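Below is a note for a colleague who is new to this structure. The points are numbered and can be read in order beside the model.

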Amino acid sequence: MITAELLEKYGAIKKSFGKNEIIFEEGNLPAHYYQIISGEIKMCNYNDDGREFIQGIFYKNQSFGEPPLFLNQKYPANSIAVEDSEILLLPKSNFMKLLEENPAISIKIIENLAQRLYYKSVMAAEISTHEPEHRVLKLIDHGIAYFNFQKDKNGYLINFTRQQIGDLTGLRVETVIRAIKALEKKGELKIINRKVYR
């Protein structure tokens, strides 16, 4: 999103997080802009039964956690490293200065936030009104469009685990597995060596 060089010029530091390490917790006030150098980060909530709901998954060169930073509101979700990750952290005041001094970067941030808002609007409608197969397919298509899933001779490799698909769509893993098998029978998906392709 923003070049590492520019972030470092404004005082960003690199920090490593191990798999399952918490980056920030729901209810905390934001103090930094976060951008991923390597790894994978999820934003998630847990209900009273301990069931996880994933708000979003973020990858290399993506940023996360900006809305509360702009609004000076508490984080509405936890941020956790899905795998070992390296992240650039820029203090809030430095981030605001960077945006003021670099209008083109401000436009990119606005576009990024608009894209995420659009995704949430689409997925909210999907989760509340559609059958599991439709929800799974819509999430996969979104992943292809926005998460840079790799394409090979089999099609696009879907890098979500069945658990992640469930957590992103509000479905149980068993329901996700049934939906994927049904979509395979319909020719919408392929399963090769337990991996899902579109």
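1. This is a predicted model. A good place to start is a charged group: Asp141, Glu188 and Arg198 form a network of salt bridges. Within it, arginine 198 and aspartate 141 meet through their side chains at 2.8 Å, N to O. Arginine 198 lies in the segment after strand 12 and aspartate 141 in helix 5, so this pair ties together parts that are 57 residues apart in sequence. Both ends have some access to the outside: arginine 198 is partly exposed, with a relative accessible area of 29%, and aspartate 141 is partly exposed at 32%.

2. The salt bridges come to six in the count. Side chains of opposite charge can pair when their charged atoms come close. One of the pairs joins glutamate 133 to lysine 186, with the closest N and O atoms 2.6 Å apart. Glutamate 133 belongs to helix 5 and lysine 186 to the loop between helix 7 and strand 11, so parts 53 residues apart in sequence are tied together. Glutamate 133 is partly exposed, with a relative accessible area of 25%, whereas lysine 186 is exposed at 57%.

3. Another pair has a different setting. Glutamate 66 forms a salt bridge with arginine 116, and the closest N and O atoms are 3.0 Å apart. Since glutamate 66 is in helix 2 and arginine 116 in helix 4, the pair ties together parts that are 50 residues apart in sequence. Are these two residues buried or exposed? Both glutamate 66 and arginine 116 are buried.

4. Aspartate 167, in helix 6, should be looked at next to those pairs. Aspartate 167 is buried but has no salt bridge. The nearest side chain of opposite charge is that of arginine 51, 4.3 Å away, and a salt bridge requires a nitrogen within 4 Å of a carboxyl oxygen. Apart from residues up to four places away in sequence, aspartate 167 touches Arg51, Glu52, Phe53 and Ile54.

5. The largest nonpolar core has 25 residues, and Val136 and Phe160 touch the most other members. Strand 5, helix 4 (103-129), helix 5 (132-146), helix 6 (162-169) and helix 7 (173-185) each give two or more residues to this core. Helix 5 supplies the largest share, five residues. Which residues are in contact with phenylalanine 160, leaving aside its neighbours within four places in sequence? They are Ile57, Tyr59, Leu139, Phe147, Phe149, Ile165 and Leu168.

6. Strand 5 is also part of a sheet. The sheet is open and has four strands in the order 2-7-4-5, paired antiparallel. Its edges are strand 2 (22-24) and strand 5 (52-58), each of which pairs on one side only. The twist from one strand to the next averages 35 degrees. Strand 2 is joined to strand 7 (residues 78-81) by two bridges, and the two run antiparallel. Phenylalanine 24 has serine 79 of strand 7 as its bridge partner.

7. Strand 8 (residues 85-91) has five of its seven residues buried, so this strand is largely enclosed by the rest of the structure. Strand 1 (residues 13-17) runs antiparallel to strand 8 and is joined to it by five bridges; here serine 16 stands opposite glutamate 86. Strand 3 (residues 32-38) is also antiparallel to strand 8, with six bridges between them, and tyrosine 33 has leucine 90 as its partner.

8. Leucine 69 lies in helix 2 and is buried, with a relative accessible area of 0%. Proline 30 is 39 residues away from leucine 69 in sequence, yet their C-alpha atoms are 5.3 Å apart. Leaving aside neighbours within four places in sequence, the contacts of leucine 69 are Pro30, Ala31, His32, Tyr33, Lys92, Phe95 and Met96.

9. Two backbone angles deserve a check. Most residues other than glycine have a negative phi. Asparagine 72, in the loop between helix 2 (66-71) and strand 7, has a positive phi near 55 degrees. Asparagine 72 is partly exposed, with a relative accessible area of 47%. Arginine 194, in the loop between strand 11 (190-192) and strand 12 (195-197), has a positive phi of about 70 degrees without being a glycine. Arginine 194 counts as exposed, at 73% relative accessibility.

Key:
Residues are numbered from 1 along each chain as its sequence is written. This is a predicted model: local features need pLDDT of at least 70, side-chain atom pairs count only at pLDDT 80 or more; totals for chains, interfaces and linings use all residues. Side-chain values use heavy atoms; hydrogens and water are left out. Two strands pair if DSSP finds at least two bridges between them. Axes are lines fitted to C-alpha atoms, for helices over the stretch in contact, and angles run from 0 to 180 degrees between N-to-C directions. A nonpolar core is a set of buried Ala, Val, Leu, Ile, Met, Phe, Trp, Tyr and Cys residues joined through side-chain atoms within 4.5 Å. Buried means under 20% relative accessible area, exposed over 50%, partly exposed in between (1.4 Å probe, protein chains only). Contact means heavy atoms within 4.5 Å. Lys and Arg count as positive and Asp and Glu as negative; His and the chain ends are not counted.
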